Amino acid sequence: MGTPFISLLEPTRLDGYDNTKPHTAQPAHIPRVFLDAMEVREAVFVEEQKVPLAFEYDADDARSCHWVVYASVNRTTEPEERDPQTGEVTKPRKSETRSVPIGTMRIVPFPHPPHPPSGARYVGNVLQEDDGKEDDSSSHDNATAARPRARTLTSVDTERQASALPFGADAPTTYHDGKEPYVKLGRLAVIPMFRGHHIAGQLWRAAKAWLEEHPTFFDPSVTELGMDQLKAGGAGDIPKWNGLICCHSQESAVKLYEKWGFKVDEGMGKWYEEGIPHVGMFQRLNIKHMNPQV
Ligand SMILES: CC(C)(COP(=O)(O)OP(=O)(O)OC[C@H]1O[C@@H](n2cnc3c(N)ncnc32)[C@H](O)[C@@H]1OP(=O)(O)O)[C@@H](O)C(=O)NCCC(=O)NCCS
């Protein structure tokens, strides 16, 4: 493997992306870097972890920043040929070096849906709830009794849905007061044969350095949106990122994120995405607002 290099794709329109098809069957206008990110995500989440393809791409992809790490991989295109009598090479081996995507990560800007309730189950990014009660109808069967139901909206959900930009309050957790804007690290994946070489670490360092250099990138612009749409009464109400990062970690990856400085948010409990147990983790980057946006 040659020295890996990393590409960044800033938020981009992905209209026309068909979530029922793999990255190889998408319209020509979808940016190459995003298709490369999806190549890795399909290999890791869909093929390895068995998440349905249709749930892998989601509405956050267009508004996120994506980092993709590539490696130069040499492969033989035509094998060497030798004279069977003399053993001399009659045709040298032919090879080509290609850059292949081997890892990816995304940062989703605020706002976010409410924190997942502890014990909840998400199927296709939709929150389900199994109340544990047996179905009491006469046509009762096990399949019906076990089927999760859509969760009832809480007052927090209703308040957030009613706002133009849902910056409304969320349930407070151990590291989040329920109000502060935070960005979310996600879709971290490295192709199996490249694991254990600090590829994920390189992605994290690239994303962290970029966030530290662009702390106001995701802050909404009052000039573009206006105070009314931001539901801001004064400058102090305008959402402004102050370095807080969340990640929804698969339980098996907690130790990795802890090495990067994240801490498990006990107040968020545990929930399941496509059957995989997840916990919430937070850390705060030490950012300086060099160019505050008004
Ligand atoms: C998790 C994943 C991205 C790690 O990729 P990677 O390139 O092998 O990770 P790195 O080599 O950068 O690991 C960095 C450090 O974390 C450790 N680490 C990596 N994965 C770990 C894990 N699952 N549990 C505990 N420690 C882990 C490494 O040993 C390394 O420690 P070190 O710095 O002391 O040597 C990769 O295993 C993967 O794609 N897994 C499947 C998808 C997944 O689970 N994604 C996370 C979703 S929340």
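How far does a backbone N or O atom of G201 lie from an oxygen atom of the ligand? In this predicted model, the separation comes to 2.9 Å. G201 has company here: a backbone N or O atom of H198 sits 2.8 Å from an oxygen atom of the ligand, and a polar backbone atom of A200 is 3.0 Å from a ligand oxygen. Taken by itself, the ligand would expose 910 Å², and the protein buries 72% of that area.

Several parts of the fold supply the surroundings of the ligand. Two or more residues of the shell come from each of α1 (32-48), β9 (183-190), α5 (199-213), β10 (244-250) and α7 (254-259). Of these, α7 provides the largest share, with 4 residues. In total, 21 residues surround the ligand, and the closest are L188, V190, G196, H198 and K259. Sorted by character, the shell splits into 9 nonpolar, 9 polar and 3 charged residues.

The nonpolar interior comes next. The largest nonpolar core holds 40 residues, and L185, L211, I245 and F262 are the ones with the most contacts inside it. Elements giving two or more residues to this core are α1, β2 (65-78), β5 (94-108), β9, α5, β10, α7 and β13. The top contributor is α5, which puts in 7 residues. Helix α5 also figures among the elements that give two or more residues to the ligand shell.

As for the strands, β2 and β5 run antiparallel and are joined by 13 bridges. Within that pairing, N74 stands opposite T97 in β5. The C-alpha atoms of these two residues are separated by 4.3 Å, although T97 and N74 are 23 residues apart along the chain. Is T97, a member of strand β5, buried or exposed? T97 counts as exposed because its relative accessibility is 56%, and the cut-off for that class is over 50%. As a rule, side chains in a regular strand alternate between the two faces of the sheet. Strand β5 has a further partner in β9, with the two pairing in the antiparallel sense over 5 bridges. There, V108 stands opposite K184 in β9.

Q250 makes a handy contrast in setting. This residue belongs to strand β10, and its relative accessibility is 17%, so Q250 counts as buried under the 20% limit. The side chain of Q250 is not without a polar partner: a polar contact of 2.9 Å links it to the side chain of Q49.

A further set of strands involves β12. Strand β6 (residues 121-123) and strand β12 (residues 270-273) run parallel and are connected by 2 bridges, with R121 standing opposite Y272 in β12. On the other pairing, β12 meets strand β13 (residues 276-284) in the antiparallel sense, over 4 bridges. Y272 turns up here too, since its bridge partner in β13 is P277. Strands β12 and β13 form a hairpin with 2 residues between them, and E274 in the turn has a positive phi of about 50 degrees. Strand β13 is also listed among the elements that give two or more residues to the largest nonpolar core.

Technical notes. Residues numbered from 1 in each chain as written. Predicted model: local features only at pLDDT ≥ 70, side-chain atom pairs only at ≥ 80, totals over all residues. Heavy atoms only, no water. Near = heavy atom within 4 Å. Polar contact = N/O pair within 3.5 Å; in protein donor to acceptor, adjacent residues only side chain to side chain. Areas by Shrake-Rupley, 256 points an atom, 1.4 Å probe, with all protein chains shown as cover. Nonpolar A, V, L, I, M, F, W, Y, C, P; charged D, E, K, R; others polar. Pairing = 2+ DSSP bridges. Core = buried A, V, L, I, M, F, W, Y, C linked by side-chain atoms within 4.5 Å. Buried < 20%, exposed > 50% of the residue type's maximum accessible area, 1.4 Å probe, protein only.
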